[in-house]
Amino acid sequence: MHRSEAELLVVLAQEKTMRKASERLFVSQPALSQRLQSIEKDWGASLFLRSQRGLTLTPAGEYVIDFCKNMLKQQEMVKETLASLDTEIHGTLKIACATIVGQHWLPERLKTFVTLYPQVKLSLFTGWSSDIVRSLYEDDAHIGIIRGRPDWKGERIHLFHDPLFLVDQTITCVEELKETDKPFIQFKSDSNYYQQIQEWWHRTFQNAPRKTIVVDQIETCKQMALHGIGYAILPEITLHDVKEDLQVVPLFNDDGESLGRDTWCIAHKTSLELKQVDAFLKLVTDQKTR
């Protein structure tokens, strides 16, 4: 099977409609339909069921799509190996990154990276830390950037410590939380961020907050605090654009150390041998020391 045919089938499986797939592949729907019929004839099996709702994979189609994905992944690995033999830095850099870091910290670093290494192709996935670790185990990423202490047996590089702050329109110190009737707006995720805040609260106050609002997006939590709905505890990385009149109070643990979140880069040792991976890590660690 040619690479173009494998890519065509994978796109069809992802988009699930001829229209969307044809737009993504820059071919007409009739031409795409004809190519699909030709591929199915070569395989001797129907790979998709057609209906008004779109395309559905048949059991044979699922098997063939898995084959196509594995073939494309193996070809990409061969290309990367060949690229590592060259003196120039190119190939593909695949990064899986915690969403908050991808939104606030990574763009500036990637801008510098693409300026220095324009021949490198970038692939970026953002999500929760559990998704990022899984993507590395499944070889879908070279580098993972996660929040919190990583449960990872491979290479680990500490990128930065991100202090946590109490954020509110009027509250100016932690002690005022004992008396306020405002709700505590909390961000809950699959990481230990939520647990870390809960443990700090109970160590500090022993009792639960009077009122709480739990949201599933940190940006929602931030906006609710900015609009005076309640107070929140947010990492510094999200506060670069807050208004000057907003109260931002640093938090500390029992030892007087800044309460915060650590951000780590994780990778397989073999990935570090790729020139584009090594170049990216040198860039971010060099900026860290400035």
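The largest pocket of this structure holds about 850 Å³ of space. The structure is a predicted model, and the values below are computed from it. The largest pocket is lined by 30 residues, while the largest cavity encloses about 50 Å³. The count of disulfides comes to 0. The points below cover the pocket, the cavity, one helix, the cysteines and several single residues.

**The largest pocket**

- Among the 30 lining residues, Leu 72, Lys 73, Glu 76, Lys 94 and Ser 123 lie nearest the centre of the pocket.
- Five elements give two or more residues to this lining: the helices α1 (3–15), α4 (59–84) and α7 (129–137), and the strands β3 (91–98) and β4 (120–127).
- Helix α4 gives the most, with 6 residues.
- By residue type, the pocket lining divides into 15 charged, 9 nonpolar and 6 polar.

**The cavity**

- The structure has 1 cavity of 30 Å³ or more.
- Strand β7 (184–187) and helix α8 (193–205) are the elements that give two or more residues to the lining of the largest cavity.
- Which residues line the largest cavity? They are Phe 184, Ile 185, Gln 186, Phe 187, Tyr 193, Tyr 194, Ile 197, Gln 198, Cys 221 and Ile 233.
- The cavity lining divides into 8 nonpolar and 2 polar residues, with no charged ones.

**Helix α6**

- Helix α6 covers residues 106–116, and its buried residues are Leu 106, Arg 109, Leu 110 and Phe 113.
- Looking down the axis of α6, these buried residues fall within an arc of 100°, so they line one face of the helix.
- An α-helix has 3.6 residues a turn, so residues three or four places apart point the same way.
- Glu 108, Lys 111 and Thr 115 are exposed on the other side of α6.

**Cysteines**

- A disulfide is a covalent bond between the sulfur atoms of two cysteines.
- The model has 0 disulfides, the cut-off for a pair of cysteine sulfur atoms being within 2.5 Å.
- Cys 173 is in no disulfide, and the nearest cysteine sulfur, in Cys 221, is 20 Å away.
- Cys 173 is partly exposed, at 26% relative accessible area.
- Cys 221 also appears among the residues that line the largest cavity.
- For Cys 265, the closest cysteine sulfur is that of Cys 97 at 9.4 Å, which is too far for a bond.
- Cys 265 is buried, with a relative accessible area of 2%.

**Positive phi outside glycine**

- Lys 16 has a phi near 70°, a positive value in a residue other than glycine.
- Lys 16 sits in the loop between α1 and α2 (18–25), and counts as partly exposed at 47% relative accessibility.
- Asp 139 also is not a glycine, yet its phi is positive at about 60°.
- The loop between α7 and β5 (143–147) holds Asp 139, which is partly exposed with a relative accessible area of 42%.

**A buried loop threonine**

- Thr 180 is located in the loop between β6 (155–168) and β7.
- Is Thr 180 buried or exposed? Thr 180 counts as buried, because its relative accessibility is 13% and the cut-off for buried is under 20%.
- The side chain of Thr 180 reaches the backbone nitrogen of Lys 182 at 3.1 Å.

**Separations along the chain and in space**

- Thr 56 belongs to strand β2 (residues 54–57) and is partly exposed at 46% relative accessibility.
- Thr 56 and Ile 237 are 181 residues apart along the chain, and 42 Å separates their C-alpha atoms.
- Leu 124 is in strand β4, one of the elements that give two or more residues to the lining of the largest pocket.
- Leu 124 counts as partly exposed, at 45% relative accessibility.
- From Leu 124 to Lys 275 the separation is 151 residues in sequence and 18 Å in space, C-alpha to C-alpha.

Conventions: Residues numbered from 1 in each chain as written. Predicted model: local features only at pLDDT ≥ 70, side-chain atom pairs only at ≥ 80, totals over all residues. Heavy atoms only, no water. Buried < 20%, exposed > 50% of the residue type's maximum accessible area, 1.4 Å probe, protein only. Helix = DSSP H or I, 4+ residues; strand = E, 2+ residues; numbered from the N terminus. Arc of directions from axis to C-beta. 1 Å grid on protein atoms, 1.4 Å probe; cavity = no way out; pocket = protein on both sides within 12 Å on 5 of 7 lines; lining within 4 Å. Points joined across faces, edges and corners; volume = space filled by probe spheres on them. Nonpolar A, V, L, I, M, F, W, Y, C, P; charged D, E, K, R; others polar. Polar contact = N/O pair within 3.5 Å; in protein donor to acceptor, adjacent residues only side chain to side chain.
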